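Colleague: Could you take a close look at one part of this predicted model for me? I'd love a connected account of the empty space inside and the helix packing beside it.

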Amino acid sequence: MRLAPGETIGSYRLIRLIGQGGMGEVYEAEHTGLRKRMALKVFTADGAKADFLRKRFLAEGRILARLDHPRLVKVHDLGLDEKRDMPYFAMDLVVGADGSPWTLERWRLERKPDESAIAAVYDDLCKGLEYLHAQGVAHRDIKLENVLIDSMGRAVLSDFGVSRIFDEGLRRDLSVTVTFAADKAPIMGSFGYLAPELKRGEAATPASDAYALGVLIFRLLTGVWYENDSAAMDLLAGFDERWTTLLTQLLSEDPSRRLPLPTLKLARGVRHFAPTWLAATVFVLLALGGIALYVVNRPQHYDFDEFFPPDEEALQ
């Protein structure tokens, strides 16, 4: 169901559509009583998977409402528009200096960031993830489209629709139970960012988030997708050597080697993003060798029981 500016959902008047995904749409909205601008995420999915996605949507709202960190988007309200039977939650409105939403993907394409700017993004995401993991939650879908850039140029992690609660204490605190797929563990996330252990069907952990962060940074630097190949790190030949050390750790096949998240201190006068002849040559050789570099825009979801109502079942 597509909503229109001027319509009211709960206590919020819609101003403009600023994003959309598999479960719903995100609007800039104004609380009619407080006169405060917020981002309102509304559930609009229908069809065969609507019940499954509705459970996920409510789960995302409940997770975010428990988190409070400047590098993570914050939820302030969770409700139901009874007239439309439409769940929604209100979040911080994160927009760039020009007043429009900026994802990290848009920032990469339009701003052509240099190494110093990418290092600042890495630092922001590390701080957000370290807090998130300390709360017992793995994000499970870190990618360029799920990171926002605010008006101060800081990175803010968003979209927790497939997050996993791995801390048993938090599960008990939320009065939840666990359900499992009948034959194998569910795989959720965006395929290009999946850690090797997730592709094998193992559970998501902070280490798998670290791997996805490595893929994200590799793409910001080189403009191409990371492939688990001995020549992949050659694409970093034109950059500060500290990137190679950092990404070798984050992209390790062994999850135990990825954490804690490595710190990064670049040398002064780091170079601006510019593919070197060596990097370009390696890229061509990889392409000729049949190594696929691809973009996956939508998470690959597998049906399995999630929790609903929120007080009775939980994320896997």
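Modeller: Happy to! Let's begin with the empty space: the model, which is a predicted one, has three cavities of 30 Å³ or more. In the largest cavity there is about 70 Å³ of space. Its lining is made up of 11 residues, and those nearest the centre are R140, D141, Y193, L194 and A212. Sorted by class, the lining of the largest cavity comprises five nonpolar, three polar and three charged residues. Helix α6 supplies the largest share of that lining, with three residues.

That brings us to α6 itself. Helix α6 spans residues 206-222, and its axis comes within 8 Å of the axis of helix α7, residues 241-250, the two crossing at roughly 145°. The crossing of α6 and α7 is left-handed. On the α6 side, the contact is made by A210, Y211, L213, G214, I217, F218 and L221, while α7 brings W243, L247 and L250. Nine of these contact residues are nonpolar and one is polar, with no charged residue.

One residue of α6 deserves a closer look: L213, which sits in that helix. L213 counts as buried because its relative accessibility is 0%, and buried means under 20%. Beyond its neighbours within four places in sequence, L213 touches Y122, L125, C126, L129, I142, L250 and L261. Take L129 from that list: 84 residues separate L213 and L129 in sequence, yet their C-alpha atoms are 9.5 Å apart in space. L250, also in contact with L213, is one of the α7 residues in the helix contact described above.

Key
Residues numbered from 1 in each chain as written. Predicted model: local features only at pLDDT ≥ 70, side-chain atom pairs only at ≥ 80, totals over all residues. Heavy atoms only, no water. Axes fitted to C-alpha atoms, helices over the stretch in contact; angles between N-to-C directions. Helix = DSSP H or I, 4+ residues; strand = E, 2+ residues; numbered from the N terminus. Left-handed = near helix turned anticlockwise from the far one by under 90°. Contact = heavy atoms within 4.5 Å. Nonpolar A, V, L, I, M, F, W, Y, C, P; charged D, E, K, R; others polar. 1 Å grid on protein atoms, 1.4 Å probe; cavity = no way out; pocket = protein on both sides within 12 Å on 5 of 7 lines; lining within 4 Å. Points joined across faces, edges and corners; volume = space filled by probe spheres on them. Buried < 20%, exposed > 50% of the residue type's maximum accessible area, 1.4 Å probe, protein only.
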